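Dear colleague,

Please find below the structure that I am handing over to you. My findings follow directly after it.

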Amino acid sequence: MGRESVKGGSRPPSTGTAPPTAALLPFHIVTGFLGAGKTTLINRLLRAPDLADALVMVNEWGEIGLDHLLYERLSGDAILVSGGCVCCALRGDLVDALRDALARRDDGRLPPFRRIVLETTGLAEPAPIVHALFADPDLAARLSLAGVTTVVDAVNGAATAARAESARQIAFADRLVLAKTDLVPAALRAARVAEASATLRRLNPIAPILDGAAGELAPADFLAPISAPPSAAPPSASAGPGHRVQTFVFRSEAAIDPAAFAQFLSALGALLGPRLLRFKGLFALADRPETPILVDGVQHVFHPPRQLPAWPNADRSTRAVLIVEGVGPREADTLWAALTRVPRLDAPDLAALTDNPLAPRPGGLLG
Ligand SMILES: Nc1nc2c(ncn2[C@@H]2O[C@H](COP(=O)(O)OP(=O)(O)OP(=O)(O)O)[C@@H](O)[C@H]2O)c(=O)[nH]1
């Protein structure tokens, strides 16, 4: 198959639940503002043998998309999801396109691709896309989020970061890639990269920042699953200029009480509601300190917490990233303090927080 367009139409048949032994297919999201350099980056990555069996999906505005035609690959597939933005009106179409691609892979009409790379429109917000993925049972049974890569134009990036869509794309990223640094005169490059990095750091204190034009994002790095906050996460909150997206990074050396952990997950959804954009964390529970619990959630939808067989590295501390909109440091700290049972004179415990009959209850994180 070559390239094709998917738009609207009736919902494809369910792809069913994959057999328990089937590995989940990694699903990579590449986002970034209009013209940032997404297609260019993906094209470079697709040249690597490890990405030869990737299915590329491109989401574009308008009835006639062009981006998928810019994909240089001849042997692989690029599917266009056109007509709007997958993050809002077209979310259903994206789900349909994904279900359809999986069904066709299953019955041999598509080659057995081993991963999917989605390039979003420059105006898309990643949270609703990931939300759609997590919330659809068929897709959740077949696909696993393998990372959100946000491409930022090193020339115009600081200006576009002031836009709400761009800020959310940056805040949500598991990794940030600076494009077009080669367009900056060599004498100014280091200063420009430092300036752009500082802007990105205010919005996202933990994602690695890589110079894409200098080839710093190797295909192997792109493929590596990103599932937990890095060990070296700075314990700080950040706020970007002119908008309300904030990222909080928490860490605790003490093992977490399992009952408090369950309450904490409910409290996050109940108290933060739609202000919660993304939460991911690795937790050391007191009753199973050798096998950390991985929590991965988007808005109020969470994958069931997963017990990992072992810690990914020597760092055995509990650590979590909370990306929110319109939540102040005090509110975020209160939740974390209640989880970790750090005594604070003015802070209620988790039971008091979740028992508040006035608190909004959109279903909780595990519901
Ligand atoms: N010199 C240079 N040009 C780049 C780089 N990345 C992208 N470009 C150019 O920037 C323009 C836009 O790049 P694309 O990769 O199409 O950007 P995009 O984010 O996919 O664009 P949209 O899908 O329209 O939002 C193209 O002319 C690219 O050749 C880079 O690192 N260096």
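Asp 153 is part of strand S6, which covers residues 143-153; strands here are DSSP runs of E with at least two residues, helices are runs of H or I with at least four, and both are numbered from the N terminus. Because 23 other C-beta atoms lie within 10 Å, Asp 153 is buried. In this scheme, 20 or more other C-beta atoms within 10 Å of a residue's own make it buried, 12 or fewer make it exposed, and anything in between makes it partly exposed, with C-beta atoms placed from the backbone. Neighbours within four places in sequence aside, Asp 153 is in contact (C-beta atoms, placed from the backbone, within 7 Å) with Phe 33, Gly 35, Ala 36, Gly 37, Thr 160, Ala 179 and Lys 180. Gly 37 is 116 residues away from Asp 153 along the chain, yet their C-alpha atoms are separated by 6.9 Å.

This is a predicted model, in which local features need pLDDT of at least 70 and side-chain atom pairs count only at pLDDT 80 or more, while totals for chains, interfaces and linings use all residues. Residues are numbered from 1 along each chain as its sequence is written.

Gly 37 also belongs to the surroundings of the ligand: with Lys 38, Thr 39, Thr 40 and Ala 213, Gly 37 comes nearest among 16 residues. A residue is counted there if its C-beta atom, placed from the backbone, lies within 6 Å of the molecule. Helix H1 (residues 38-46) gives the most to this shell, with 3 residues.

The largest nonpolar core has 84 residues; such a core is a set of buried Ala, Val, Leu, Ile, Met, Phe, Trp, Tyr and Cys residues joined through C-beta atoms within 7 Å. Helix H9 (residues 258-272) supplies its largest share, 8 residues. The core lies between domain 1 (3-10 + 20-223) and domain 2 (237-354), because both give residues to it; the domain bounds come from an automatic or database domain assignment. Ile 170 is among the members that touch the most others.

Overall, the protein chain has 11 helices and 15 strands, and 43% of its 367 residues are buried.

As to confidence, pLDDT (the predictor's confidence in each residue, from 0 to 100) averages 74 over the protein chain, and 71% of the residues score at least 70. It stays under 50 over residues 1-21 and over residues 233-242. The model scores ipTM 0.98 and pTM 0.71.

With kind regards

Technical notes. Two residues are in contact if their C-beta atoms, placed from the backbone, lie within 7 Å.
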